[in-house]
Amino acid sequence: MPTEPVASLPPTLIYGAGAVGCLLGGVLAAADAPVTLLGRPAVAEAVNEQGLTIVQPSSTRRIRIPAVTSIDAISAPPALVLLTVKAYAVAAALPDLRRLAASGAAIVALQNGVGTVETLLAEPDMPRLASGTITASVMRDSPATVRQETTGGVMLAPVRGGVPLDQLAAALTATGLPAGVVPRYQDLTWSKLLLNIMANATSALLALPPAAIYADPRLFAVERAAFIEALAVMLGAGIRPIPLPGFNVPLLAHAMRLPAPLARRLIAARAARGRGEKRPSLWLDIERGLGTTEVRWLNGAVADLGARLGIPTPVNATLTELLEEAARNPERRRAFAGRPDALLAALGRTSGTAQA
Ligand SMILES: NC(=O)C1=CN([C@@H]2O[C@H](COP(=O)(O)OP(=O)(O)OC[C@H]3O[C@@H](n4cnc5c(N)ncnc54)[C@H](OP(=O)(O)O)[C@@H]3O)[C@@H](O)[C@H]2O)C=CC1
Ligand SMILES: CC(C)(CO)C(=O)C(=O)O
């Protein structure tokens, strides 16, 4: 029997059976919530045949959850859609999302970065929208196995129209993933962006793990400058850092503004562990060889808002450009892989100095 918070969750479709989608769908299905996964054929086939294996810090479970490859195969129209594709895959999903919205579904966008909510808001016929973020780090080990690498939870925020966010938060919390609701989606998405830009673009370009980025004071200075730029554009737009499950973002923002050596001493060790064994997302994106990454929604969003507000964001703008070039052209990435001096030079930072 599902517990009361899970029983009150309306029929829910997880659109994007990847690491995050499988974790959220899996924990809800394990608690008997009415969830269906929508994913690629290899994933749907493996999940339907073998069940979905969820590895969490304190348990490993195999869960039965129906998986489909098309919205035409769903038995009843969902009332709720958790959108869990990458930000760069949202455009291709729009025709499905329009049909789902037309049949009454509310859509919760769980992408990292800033821009997906705005894309959905531009859709005139999506009256019920919300935003969400997950702070746990999740990897896919095989088509039907996902691994939650770090503890964390989910934070949700309304965007437009009525979305049963309190029910969703209560259901997720009942499954063991602490979840809450905040009033302003901009605070939510930008606070998560602050976490996501840390040791992400630099790590992807250099093919070095976050621990190596934080160990080098010159690279830490780049991280700190990118973070402070992002914070400046947020504050300039009236957006505030807020606490997210497992991450005190306001305290992090305070620590980052301390002098660089002190900031590094306070932040480096915790930040290096933030993703567990998972590589930073932009590194994973670039290695998939699709020619695209989520950098436009991360550092790129900082540069875009900075340009609109007249706030300089040279580090984020350059990291966006370099990563986009490297995603399109592997030769460009080879120029930086394992070569901090080359990246520092491309960022206009004299090698050997730790500029603020
Ligand atoms: N993994 C993590 O630890 C965290 C990720 N996030 C964010 O959550 C979002 C999802 O990330 P993650 O789960 O890691 O990404 P994944 O790439 O693991 O999952 C997305 C899945 O959706 C599939 N997909 C994309 N478009 C469609 C479509 N039209 N129809 C069916 N399936 C589709 C993808 O298939 P294919 O690959 O073939 O396109 C992929 O299997 C991202 O924005 C990410 O930044 C947030 C917090 C933590
Ligand atoms: C940083 C993390 C793990 C969650 O906070 C994340 O969002 C990601 O790696 O994509």
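Q: Which residues does the UniProt annotation "domain: Ketopantoate reductase C-terminal" cover?
A: First, the ground rules: this is a predicted model, where local features need pLDDT of at least 70, side-chain atom pairs count only at pLDDT 80 or more, and totals for chains, interfaces and linings use all residues. Residues are numbered from 1 along each chain as its sequence is written, chains are lettered from A and ligands numbered from 1 in the order in which they are written, and side-chain values use heavy atoms, leaving out hydrogens and water. UniProt positions follow the numbering used here, feature names are shortened, and annotations may be inferred rather than shown by experiment. According to UniProt (unreviewed entry), the annotation covers residues 187-325.

Q: What percentage of the span 187-325 is helix?
A: Helices (H or I, at least four residues) and strands (E, at least two) are DSSP runs, numbered from the N terminus. The end C-alpha atoms of residues 187-325 are 30 Å apart. Strand makes up 0% of the span, and helix 68%.

Q: What percentage of the span 13-158 is strand?
A: UniProt (unreviewed entry) lists residues 13-158 as "domain: Ketopantoate reductase N-terminal". Its end C-alpha atoms lie 18 Å apart. Helix accounts for 28% of the span, and strand for 32%.

Q: How many residues does domain 2 give to the contact with domain 1?
A: An automatic or database domain assignment sets the domain bounds, splitting the chain into domain 1 (4-183) and domain 2 (193-346). Their C-alpha centres are 26 Å apart. Contact means heavy atoms within 4.5 Å; domain 1 puts in 21 residues, and domain 2 puts in 23 residues.

Q: Which helix gives the most to the largest nonpolar core?
A: A nonpolar core is a set of buried Ala, Val, Leu, Ile, Met, Phe, Trp, Tyr and Cys residues joined through side-chain atoms within 4.5 Å. The largest has 62 residues, and those with the most contacts inside it include Trp190, Leu193 and Phe227. With 10 residues (the helix spans 217-236), the top contributor is α10.

Q: Why does this core lie between domain 1 and domain 2?
A: Look at who contributes residues to it. The core lies between the two domains because residues come from both domain 1 (4-183) and domain 2 (193-346).

Q: Which residues does Trp190 contact beyond its neighbours within four places in sequence?
A: Trp190 is among the residues with the most contacts inside the largest core. Skipping those sequence neighbours, Trp190 contacts Val114, Val233, Met234, Ile239, Ala301, Val302 and Leu305.

Q: What is the strand order of the eight-stranded open sheet?
A: Two strands pair if DSSP finds at least two bridges between them. At the edges stand β5 (67-68) and β12 (179-181), each with a single partner strand, so one side of each has no neighbour in the sheet. The pairing is mixed, and the order reads β5-β2-β1-β6-β7-β8-β11-β12.

Q: What angle does the direction of helix α7 make with that of β8?
A: Axes are lines fitted to C-alpha atoms, for helices over the stretch in contact, and angles run from 0 to 180 degrees between N-to-C directions. Strand β11 (154-160) pairs with β12 in the parallel sense over three bridges, and Leu156 sits opposite Val181. Helix α7 (185-196) packs on this sheet, touching β8 (129-134) and β11, and its direction makes with that of β8 an angle of about 30°.

Q: Is Ser131 buried or exposed?
A: Ser131 belongs to strand β8. Among its contacts more than four places away in sequence are Val108, Met155, Tyr185 and Leu188. The cut-offs put buried under 20% relative accessible area, exposed over 50% and partly exposed in between (1.4 Å probe, protein chains only). At 1%, Ser131 is buried.

Q: What angle does the direction of α2 make with that of β3 in the four-stranded sheet?
A: This open sheet runs β4-β3-β10-β9 with mixed pairing, and its edge strands, β4 (59-63) and β9 (138-142), each pair on one side only. The twist averages 20° from one strand to the next. Helix α2 packs on the sheet, touching β3, β4, β9 and β10, and the angle to β3 is about 95°.

Q: What is the phi of Asp32?
A: Asp32 sits in the loop between α2 (19-30) and β2 (35-38). Its relative accessible area is 47%, making Asp32 partly exposed. Although Asp32 is not a glycine, its phi is positive, at about 70°.
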